[in-house]
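Please work through the exercises below with the structure open beside you. Try each task on your own before you read its solution.

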Amino acid sequence: HKGIADSTRIMVGYGPHTVVPHLSSPLFKILAKYINDIEWLFDKLGVYDFAPNSAIMDWLAAKACDDDMASQSLCKSLMFLLCGYNKHEINSTTLPYIMGHTPAGTSTWNMIHYAQSVNHGRWMGLDFGSEAANLRHWNSATPPVYNYSAVSSPVALYWAPNDWLVVPEDVKTLRDNLPNVVQYSRVNESAFTHLDFIWGVHSPDLLYKPTLDLMKNY
């Protein structure tokens, strides 16, 4: 929407993407491969929440991920399997709190849309699975393809070399398509992952301070 672009002084993206055909996360690659089967199963079961936070996750976080537990390495491995391995940025003391809120859940349609982005590599609306369904939602037999040129506000992109969800190649695709990229920066740590943008213990110095310095210019 042009009004949003005109009123945005600067947009800052951490691990940003519109399409992720090159992601390397093993779990998300499996999800994308079998998304049609997963969609069918969830629809038949009437399940519309994907990986919601639950009492089971809260219990595991408290009992298995505590700093004093030998099983904490398992919790770290689960996190790393999703988004990339970097033991230097995880604060073991806060791990139970992180696991207690991760995953936080999302719509199954949101995950289906994400998987479609992996499979077709185009920035477009959700494909509802049939021409009839798309006509109902989009008034078109196919989903709309979004227009990068409409994102005219200044954009800063920060990417991580070890991000398994948004690999450098996919961030480069975003950079090459946006018309007004004012900053394109690699986080200065070779093992930095997607989760480290939020929970990395060195993120204040590596990322947040440079971001705030940049925003002062806008």
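**Exercise 1**

Is Asp-163 buried or exposed?

Solution. The model is a predicted one, and this should be kept in mind throughout. Begin with the location: Asp-163 belongs to the loop that runs between β4 (155-159) and α9 (168-177). Next take the relative accessible area of Asp-163, which is 2%. Because a residue counts as buried under 20%, Asp-163 is buried, although it lies in a loop. Then look at the side chain, which makes a polar contact of 2.7 Å with the side chain of His-194. Finally, compare chain and space: Asp-163 and Phe-197 are 34 residues apart in sequence, while their C-alpha atoms are 9.8 Å apart.

**Exercise 2**

Describe the surroundings of Asn-134, and then turn to Asn-139 and find out how exposed that residue is.

Solution. Asn-134 sits in helix α8, which covers residues 131-138. Its relative accessibility is 2%, and Asn-134 therefore counts as buried. A polar atom of the Asn-134 side chain lies 3.1 Å from the backbone oxygen of Ala-141. Beyond the residues up to four places away in sequence, Asn-134 touches several others, including Leu-126, Phe-128, Asn-139 and Pro-143. Asn-139, one of these partners, is found in the loop between α8 and β4. With a relative accessibility of 68%, Asn-139 counts as exposed, so a buried residue and an exposed one touch here. The backbone of Asn-139 deserves a further look, since its phi angle is near 60°, a positive value in a residue other than glycine.

**Exercise 3**

Which residues does Met-124 touch, leaving out those up to four places away in sequence?

Solution. First find Met-124 in the loop between α7 (108-120) and α8. Its relative accessibility of 10% is under the 20% limit, so Met-124 counts as buried. The residues that Met-124 touches are His-113, Pro-143, Pro-144, Val-145 and Tyr-146. For Tyr-146 the separation can also be given from C-alpha to C-alpha: the two residues are 22 apart along the chain, and their C-alpha atoms are separated by 5.3 Å.

**Exercise 4**

Identify the largest nonpolar core, and say which elements give two or more residues to it.

Solution. As background, nonpolar side chains in soluble globular proteins tend to be buried together. In this model the largest nonpolar core has 18 residues, and those with the most contacts inside it are Val-20, Leu-23, Phe-28, Tyr-114, Val-118 and Leu-165. The elements that give two or more residues to this core are α2 and α7, and the largest share, 5 residues, comes from α7. Val-20 shows how parts of the chain meet: leaving aside neighbours within four places in sequence, Val-20 is in contact with Tyr-114, Ser-117, Val-118, Leu-165, Val-166 and Asp-170. Apart from this core lies another one of 9 residues, among them Ile-10, Ala-156, Phe-197 and Leu-214.

**Exercise 5**

Which residues of helix α11 are buried, and what covers them?

Solution. Helix α11 spans residues 203-215, and its buried residues are Ser-203, Leu-207, Thr-211 and Leu-214. An α-helix has 3.6 residues a turn, so residues three or four places apart point the same way. The cover over the buried residues of α11 includes β1 (11-14), β4, β5 (181-186) and α10 (196-199). Now take Ser-203 by itself: its relative accessible area is 0%, and it is therefore buried. Apart from neighbours within four places in sequence, Ser-203 is in contact with Glu-89, Phe-192, Asp-196, Phe-197 and Tyr-208.

**Exercise 6**

Find the nonpolar patch on the surface, and then describe the chain as a whole.

Solution. The patch is formed by Leu-27, Ile-30 and Tyr-34, which together have about 280 Å² of accessible area. Tyr-34 has its place in the loop between α2 (26-33) and α3 (35-45), and with a relative accessible area of 39% it is partly exposed. Turning to the whole protein chain, there are 11 helices and 5 strands, and buried residues make up 37% of the 218 residues. The accessible surface of the chain comes to about 12,400 Å², of which 58% belongs to carbon and sulfur atoms. Lastly, among the contacts with a separation of 6 or more, residues 24 or more positions apart account for 73%.

Definitions and conventions. Residues numbered from 1 in each chain as written. Predicted model: local features only at pLDDT ≥ 70, side-chain atom pairs only at ≥ 80, totals over all residues. Heavy atoms only, no water. Patch = residues over 30% accessible without salt bridge, like charges linked within 9 Å, V, L, I, M, F, W, Y side chains within 5 Å. Areas by Shrake-Rupley, 256 points an atom, 1.4 Å probe, with all protein chains shown as cover. Salt bridge = Lys/Arg side-chain N within 4 Å of Asp/Glu carboxyl O. Helix = DSSP H or I, 4+ residues; strand = E, 2+ residues; numbered from the N terminus. Buried < 20%, exposed > 50% of the residue type's maximum accessible area, 1.4 Å probe, protein only. Polar contact = N/O pair within 3.5 Å; in protein donor to acceptor, adjacent residues only side chain to side chain. Contact = heavy atoms within 4.5 Å. Core = buried A, V, L, I, M, F, W, Y, C linked by side-chain atoms within 4.5 Å.
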